[in-house]
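Here is a walk through one model, written for someone who likes to have the coordinates open alongside. Load it up and follow along.

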Amino acid sequence: MKFEELDLNYDVLDALDAMHITDCTPIQEQSIPLTLEGRDLIAVAQTGTGKTAAYLLPVLNRLADGDFPEDAVNCIVMTPTRELAMQIDQQLQGFSYFLNVSSLPIYGGTDGATFALQQRGLKLGADVVIATPGRLLAHLQMGCVDLSRVSFFILDEADRMLDMGFFDDIMQIVKHLPSERQTLMFSATMPPKIQQLAKTILRDPAEVKIAVSRPAEKIDQRAYFCYEPQKLPLIKKLLGGPEAKCVLVFASSKLKVKEIARELRKAKVKLGEMHSDLDQNKREEVMLDFKAGRTDVLVATDIVARGIDIDGISMVVNYDVPHDAEDYVHRIGRTARASAEGVAVTFVSDKDRRRFAGIEKFLGKKVKRYSMDGETDGVLSDEGPSGDNRSEGKRNGRKKGNGTGNGGRRNSRHPGHNKKPGDESRAADSHKDKEIANKEIPAANHDGNNSKKSEGKKRPSRRWRNHGRRNGDTPKGNTPEA
């Protein structure tokens, strides 16, 4: 369906035409008419499907056509991260280019001057406020904003906000909103906590669910099965060459991001790192450098996995296996956009193998396995990580050896261990003052045939060596001396 077939304002259509956007995505096609009708809505679709336009376009259309106060906040858009808030504000400016609609991004990590500007904008009133929960709640607690006349309340990436612990903040903000409002909730997944939130803040909502699609066929998916200490050498090998350009690396924590960045810098890789310890100015600088090509690699936490639109990503590296299949799709979906080709690499440690198997089940196929040296045709999925020479015995807590538990070392008391053929060891008998010559006894056979054991021969006991006789039988080579 084309946008011109929807009941949208001509100024909105002109902005879309100027941006060369003509066709609706499935989430836009189903969500926009319901929003224009004034229905509460809960929409589930993966990132990269156009959810931002799905709620901004109808809201802008209603703000342009309706009679809304100019000195009040008319719409609140909640986002989990400051980067996403900034991106939504940029998109809104494009969509509203021919409209008299104002917007204001509100997020943390700024200096005092920016905070003061945010306060002033909230007091004067902005048609659309795009905010992170924590910073908007801070303004509310200081009495800087009146939300009693808000007509639209939108939660973008709602599941991510709840994962980040913003549930209580969201409920505190909802208390300041009027009961007569339109609420839209957009999420990539629908866990039970999202359903609970929807029942709390939505009224008779319409539901739109777009199934999570499989990754683009042009993404070359690869899996490296390895142990945790092998990951750093492996990523240095992958990204150390000159062909590693515009690469996005995802890690599970900011500590790992810092560790990876430190090691790659030692390998002379031009990179930027993105995590929660950076202030806003530094984050903007890192993103700008990466988009402009001044850095080749961006190492980040999941802060970049959703909603951040970066063109030309050639490779995505999952340093850790994502928590679920949807996150995997979101991460690798950063590459191979607009019919381009891309590579997605995932490092799978021994503790993550079951989780990765669940991802493969969701994908409906096996991801190609690679070793440190090249492709392995999937063998390693059943035999363990590559590049490790440890035997099964060692993995069970015992070194490979002769089965005696001595880690392959022969007993130091074995007469033939450190002796050449023909050497004799002598022992003094404290009782009978006799000497026993011990002829070398052949070592245990380690080639698996155990031929000596099959003949029933055993090493003479200490009793025979000391007393010269056992059960009336005199083994060869152990005859007591006169």
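What follows goes from the whole chain to its sheets, then to helix packing and one loop residue.

## The chain as a whole

First things first: this is a predicted model, so everything below is computed from predicted coordinates. The chain has 482 residues, and 48% of them count as buried. DSSP-style bookkeeping gives 18 helices and 16 strands.

Sequence-distant contacts are well represented here. Take the contacts between residues at least 6 apart in sequence: 74% of those join residues at least 24 apart. As for the outside, the chain exposes about 25,200 Å², with carbon and sulfur atoms supplying 47% of that area.

## The sheet with strands 1 to 7

Start with the open sheet whose 7 strands run in the order 3-4-2-5-6-1-7, with parallel pairing. Its edges are strand 3 (103-106) and strand 7 (206-209), and each of these pairs on one side only. Going across the sheet, neighbouring strands are turned by 10° against each other on average, if you ignore direction.

Strand 2 (residues 75-78) is a good place to zoom in. On one flank, strand 2 pairs with strand 4 (residues 128-131) in the parallel sense, over 4 bridges. Val77 stands opposite Ile130 of strand 4, and Met78 stands opposite Ala131 in that strand. Strand 5 also runs parallel to strand 2, and 4 bridges join the two; here Cys75 stands opposite Phe152 of strand 5. And what about the faces of strand 2, are they covered or bare? Both are covered: Cys75 and Val77 are buried on one side, and Ile76 and Met78 are buried on the other.

## The sheet with strands 8 to 14

Now for another open sheet, with 7 strands in the order 10-11-9-12-13-8-14 and parallel pairing. Which strands stand at its edges? They are strand 10 (271-274) and strand 14 (368-370); each has a single partner strand, so one side of each is left without a neighbour in the sheet. The twist from one strand to the next averages 20°.

At the strand 14 edge, the partner is strand 8 (residues 219-225), and the two pair in the parallel sense over 3 bridges. If you want a residue pair to click on, Arg222 has Lys368 of strand 14 as its bridge partner.

## Helices lying across that sheet

Two helices are worth a look here. Helix 11 (residues 254-266) lies across strand 10 and strand 11 (297-300), and runs at about 170° to strand 10. Helix 14 (residues 353-363) lies across strand 8, strand 13 (342-348) and strand 14, running at about 155° to strand 8.

## Helix against helix

A quick reminder before the next bit: two packed helices are described by the angle between their axes and the distance between the axes.

Helix 2 (residues 26-36) packs on helix 3 (residues 51-65) at an angle of about 30°, with the axes 9 Å apart. That makes helix 2 roughly parallel to helix 3, and the crossing of the pair is right-handed. On the helix 2 side, the residues involved include Ile27, Ser31, Ile32 and Leu36. They belong to a set that meets residues of helix 3, among them Ala53, Ala54, Leu57 and Pro58.

How do helix 6 (residues 133-141) and helix 8 (residues 167-174) cross? Their axes come within 9 Å and cross at roughly 40°, and helix 6 and helix 8 are therefore oblique to each other. This crossing is left-handed. Helix 6 brings Pro133, Gly134, Leu136, Leu137 and Leu140 to the contact, while helix 8 brings Asp169, Gln172 and Ile173.

## A loop residue: Asp146

Last stop is Asp146, which sits in the loop between helix 6 and strand 5 (152-155). Is Asp146 buried, exposed or partly exposed? With a relative accessible area of 46%, Asp146 is partly exposed.

How far is Asp146 from Val73 in sequence and in space? The two are 73 residues apart in sequence, and their C-alpha atoms are 7.5 Å apart in space.

Technical notes. Residues are numbered from 1 along each chain as its sequence is written. This is a predicted model: local features need pLDDT of at least 70, side-chain atom pairs count only at pLDDT 80 or more; totals for chains, interfaces and linings use all residues. Side-chain values use heavy atoms; hydrogens and water are left out. Buried means under 20% relative accessible area, exposed over 50%, partly exposed in between (1.4 Å probe, protein chains only). Contact means heavy atoms within 4.5 Å. Accessible areas come from the Shrake-Rupley method with a 1.4 Å probe; for residues, only the protein chains shown count as cover. Two strands pair if DSSP finds at least two bridges between them. Axes are lines fitted to C-alpha atoms, for helices over the stretch in contact, and angles run from 0 to 180 degrees between N-to-C directions. Angles under 35 degrees count as roughly parallel, over 145 as roughly antiparallel, 65 to 115 as roughly perpendicular and the rest as oblique. A crossing is left-handed if the near helix is turned anticlockwise from the far one by less than a right angle, and right-handed if clockwise.
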